[in-house]
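Reader: I would like a close look at one part of this protein. Please take me through the largest pocket and the helices around there.

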Amino acid sequence: MSQSYNRGLIEDFGRWKEFSAGMWAWIFHKFTGWVLIGYLFTHIAVLSTSIGAASESQQVIEAQNDIYTTTLQGLEGLFLIRLLEVGLLAVAVFHILNGLRLLMVDLGVGLEAQDKSFYASLVLTGAITVASVPTFLTGVGI
C-alpha cells in the first residue's frame with residue numbers, strides 16, 4: 001500500500017518562508033525558462049510582421065527605409081522596450097548560470113556548496129545586469 005503525504009492546504013501561502021535555496025533555485029529556473037519561451041514566440045511574432053523587408057528592392061534596404069529596419073528602430077525608440085531588454089538579459093543570464101550550476105551538481109562537482117553556488121549565480125546575474133543598464137537604456141542606433 002502506498003502512503004499519502006500531507007502537502008498542506010493549497011491556501012497555505014505562508015509556506016514560501018520554509019523554502020530552501022534549492023527550492024528557490026528550482027522556482028526561478030522554471031520561471032526564467034517560461035519567460036524565455038514567451039519571449040521567443042513574441043520575438044518571432046514581431047519579426048514576422050517585418051517580413052516584407054525580404055521583398056523590398058536593394059535600394060530601399062540600403063537606404064534603411066525597409067519595414068524591418070523601421071520596425072526595429074521604432075521599438076528601440078521606446079523606453080519600455082529598452083527596460084524590458086534589461087529584464088530579458090537578467091532572465092537569460094540567470095537561466096544560463098543556474099543551468100551551469102545544475103550541470104555541475106549533476107556531474108557531482110560542488111554538491112556540498114549548492115546553496116552558495118545559487119547565491120553566487122544570483123549575485124553574478126545582478127552584477128552583469130547592473131553593468132549593462134547604461135548600454136541598454138541609452139540605446140544604440142541601428
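Author: Start with a rule for angles. Under 35 degrees counts as roughly parallel, over 145 as roughly antiparallel, 65 to 115 as roughly perpendicular, and the rest as oblique. Keep in mind that this is a predicted model.

Now take α1 and helix α5, which spans residues 114-138. Their axes come within 9 Å. They cross at roughly 45 degrees. That angle falls in none of the three named ranges, so α1 and α5 are oblique to each other. The crossing of α1 and α5 is left-handed.

Next, pair α1 with α4. The axes of α1 and α4 are 9 Å apart, and the packing angle is about 130 degrees. Use the rule again: α1 and α4 are therefore oblique to each other. The crossing of α1 and α4 is left-handed.

On to the pocket. The largest pocket has a volume of about 450 Å³. It is lined by 16 residues. Closest to its centre are Y39, H43, L75, I81 and E85. Three elements each give two or more residues to this lining: α1 (21-49), α3 (67-76) and α4 (79-106). What is the lining made of, by class? It has 11 nonpolar, 3 polar and 2 charged residues.

Where does the largest pocket lie with respect to domain 1 and domain 2? Domain 1 covers 44-77, and domain 2 covers 78-141. Both give residues to the lining, so the largest pocket lies between them.

Key. Residues numbered from 1 in each chain as written. Predicted model: local features only at pLDDT ≥ 70, side-chain atom pairs only at ≥ 80, totals over all residues. Heavy atoms only, no water. 1 Å grid on protein atoms, 1.4 Å probe; cavity = no way out; pocket = protein on both sides within 12 Å on 5 of 7 lines; lining within 4 Å. Points joined across faces, edges and corners; volume = space filled by probe spheres on them. Helix = DSSP H or I, 4+ residues; strand = E, 2+ residues; numbered from the N terminus. Nonpolar A, V, L, I, M, F, W, Y, C, P; charged D, E, K, R; others polar. Domains from an automatic or database assignment. Axes fitted to C-alpha atoms, helices over the stretch in contact; angles between N-to-C directions. Left-handed = near helix turned anticlockwise from the far one by under 90°.
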